[in-house]
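Dear colleague,

Please find the structure below, handed over for your review. My findings follow after it.

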Amino acid sequence: GPTLTSLSLDEAFLSDSGAANLATNCPNLGCLSLIGCKGLTEAGVLSFAESCCYLQSLQLGGGVWPDTALRAFKDLKSLVIVRRNSLDDSNLLALLMRCER
């Protein structure tokens with residue numbers, strides 16, 4: 001619910017519609033971990049970026065979401081990316097520019 005501030009769904013199955021539901025109903029998330037989350041695509045990742053404006057710590061890895069999803073996040077203080085075969089420099093730079101203070 002709205003009082004939840006930290007959520008770890010590592011290795012869980014989470015559909016994009018489930019992610020959208022969580023993001024909408026847990027807008028105060030400050031810490032989110034989706035490492036190895038199965039079923040999640042760019043749309044699900046973007047749901048968290050759009051609805052969780054207090055998100056400061058994000059952990060992502062594995063999955064089929066594209067690097068471009070990183071561009072949607074802003075104001076992160078901590079970012080962990082694991083289990084990625086490649087990470088596009090331009091998408092990472094765009095994220096870093098949005099998080100710069």
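The notes below cover the provenance, then Asp10 and its partners, then the nonpolar core.

This is a predicted model, in which local features need pLDDT of at least 70 and side-chain atom pairs count only at pLDDT 80 or more, while totals for chains, interfaces and linings use all residues. Residues are numbered from 1 along each chain as its sequence is written, and side-chain values use heavy atoms, with hydrogens and water left out.

Asp10 is found in the loop between β1 (6-8) and α1; helices (H or I, at least four residues) and strands (E, at least two) are DSSP runs, numbered from the N terminus. With a relative accessible area of 35%, Asp10 is partly exposed, whereas Ser33, in strand β2 (residues 31-35), is buried at 5%. Here buried means under 20% relative accessible area, exposed over 50%, and partly exposed in between (1.4 Å probe, protein chains only).

The side chains of Asp10 and Ser33 make a polar contact at 2.5 Å. Such a contact is a pair of N or O atoms within 3.5 Å; within protein, one must be able to donate a hydrogen and the other to accept it, and residues adjacent in sequence count only if both atoms are side-chain atoms. The Asp10 side chain also reaches the backbone nitrogen of Ile35 at 3.1 Å.

The largest nonpolar core (buried Ala, Val, Leu, Ile, Met, Phe, Trp, Tyr and Cys residues joined through side-chain atoms within 4.5 Å) has 22 residues. Its largest share, 3 residues, comes from α2.

Kind regards
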